[in-house]
Amino acid sequence: MTLREFLQSQGVPEPDIESAEELGPEAVQLLAIDRLLVPGVRRYTEREVVERSGVDLETARKLWRAIGFPDVPEDEAAFTDSDIEALATLKQMIDQGVIDPGVALQLTRVYGQSLARMADAQVAAMRERIEQPLRQAGASDTEVAEAVTTVAGAVLPTIEGFVLHLWRRHLAAAAQRQLFYGSESAAGETATVGFADLVGFTALSQQLDQRELAAMVDRFETLAYDTIAELRGRIVKMLGDEVMFVTDDPAPGARIAMHLAEAYADDETLPDVRVGLAVGPVLAREGDYFGPTVNLASRIVNISYAGSAVVSDEVHAALEGNEEFGWKALRPRRLKGIGWTPLWVLTRPGDGGDRHGFPAEVARRMRARRARRRAKEGDGDS
């Protein structure tokens, strides 16, 4: 089926198809993808949506912005029957007391941010796997457009089912963590918070092309996800060259910190990493964490040596008798917005580190990695 035939089967008006064809194959492809992903004709203005859904105009606009979309001109027919149905369902839940307007707006922001990232990643993967090989093989714009649309239509039901399954699994896990605090509030939650970032990433990124930079970031994320999940931690967010993670207790957080420092010290393709760890009260909100403990962990990672895991005094106090860990005291450091702070380098038992407290085991791994790199460079020159 050609793109024109697909659009005709979806009830797209002939003038709209002809207008897209005048702009070229890519415009026809975008129209087909849009119709594939958002079924139904865009026939309603925002005021018509409000009239049919029963939601007031200001609330509808706030929800639309919370999803992540800009305001739509008043006279533009940009909405479908599905948009009206979704808004009417949300209003029904609010009217029944299942959810209040503020929470609805909060959840909409979280869903919008998460799903926008998922969508960007999926489109990028499709371009890399389908579009780029076809173009390299000499396919025409029309052939590329038809192939991408065909594949998108074929995999869409599978992806929808996969995303729904993942959401349910994460919902079950979140319920186990959060629904049984008794009389305690979310504001009283305690967590161990860690940050790990790549040292010298900004300078290194200036030396790499886009493909090399993407490969490095992908490797960084892969190691982080594997290590943190394996050791019973949770990734809060990735920030390019930095990962934020949390654990319920200090011991898993300390294990993650040590393993991250060692894993990156062994990796030939990445710069060294440094880790900062703190434990204390946190405010959990919209899938993120806030408060002094988070700020402390963030400040600690910024003053840590490459290849080291530095922790707060509270982490040391909680784990001092644990034989899994060794410690090296650092002189107190003045942290921005916090003040003078006692700090500790986390090591393996019996690893006293160097005079700066740098873990000897990590240093050994880093020296071995650098020696291997020099050997490879020497082989390349010969």
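**Strand 3 and its surroundings**

All six of the six residues of strand 3 are buried, so this strand is largely enclosed by the rest of the structure. The model here is a predicted one. Side chains leave strand 3 in two directions: Glu242, Met244 and Val246 point one way, while Val243, Phe245 and Thr247 point the other way, and all of them are buried. For the wider setting, the protein chain has 382 residues, of which 37% count as buried. It holds 14 helices and nine strands. As for its contacts with a separation of 6 or more, 66% come from residues 24 or more positions apart.

Strand 3 belongs to an open sheet of seven strands, and the order reads 2-3-1-4-7-9-8 with mixed pairing. At the edges stand strand 2 and strand 8 (326-335); each has a single partner strand, so one side of each is left without a neighbour in the sheet. Going from one strand to the next, the twist averages 25 degrees.

So much for the overall layout; now for the pairings of strand 3. With strand 1 (residues 190-198), strand 3 (residues 242-247) pairs in the antiparallel sense, and six bridges connect the two. Val193 sits opposite Val246 of strand 3, and Gly194 has Phe245 as its bridge partner in strand 3. Both of these strand 3 residues were met above: Val246 and Phe245 point opposite ways from the strand, and both are buried.

The pairing of strand 3 with strand 2 is also antiparallel, this time over four bridges. Here Met238 stands opposite Val243 of strand 3. Strand 2 and strand 3 make a hairpin, with three residues between them, and Gly240 in that turn shows a positive phi of about 75 degrees.

Helix 10 ties in with this part of the sheet. It lies across strand 1, strand 2 and strand 3, and it runs at about 160 degrees to strand 2. The loop between helix 10 (210-230) and strand 2 (234-238) is where Arg232 is found. Most residues other than glycine have a negative phi. Arg232 is not a glycine, yet its phi is positive, at about 70 degrees. With a relative accessible area of 71%, Arg232 is exposed, whereas the residues of strand 3 are buried.

Elsewhere in the chain, a helix pair is worth a look. Two packed helices are described by the angle between their axes and the distance between the axes. For helix 4 (residues 46-53) and helix 6 (residues 81-95), the axes come within 9 Å and cross at roughly 45 degrees. That crossing angle makes helix 4 oblique to helix 6. The crossing of helix 4 past helix 6 is right-handed. On the helix 4 side, Val49, Arg52 and Ser53 take part in the contact, and they meet Ile84, Leu87, Ala88 and Lys91 of helix 6. By type, the residues of this contact between helix 4 and helix 6 split into four nonpolar, one polar and two charged.

How values were computed:
Residues are numbered from 1 along each chain as its sequence is written. This is a predicted model: local features need pLDDT of at least 70, side-chain atom pairs count only at pLDDT 80 or more; totals for chains, interfaces and linings use all residues. Side-chain values use heavy atoms; hydrogens and water are left out. Axes are lines fitted to C-alpha atoms, for helices over the stretch in contact, and angles run from 0 to 180 degrees between N-to-C directions. Angles under 35 degrees count as roughly parallel, over 145 as roughly antiparallel, 65 to 115 as roughly perpendicular and the rest as oblique. A crossing is left-handed if the near helix is turned anticlockwise from the far one by less than a right angle, and right-handed if clockwise. Contact means heavy atoms within 4.5 Å. Ala, Val, Leu, Ile, Met, Phe, Trp, Tyr, Cys and Pro count as nonpolar, Asp, Glu, Lys and Arg as charged, and the others, Gly among them, as polar. Buried means under 20% relative accessible area, exposed over 50%, partly exposed in between (1.4 Å probe, protein chains only). Two strands pair if DSSP finds at least two bridges between them.
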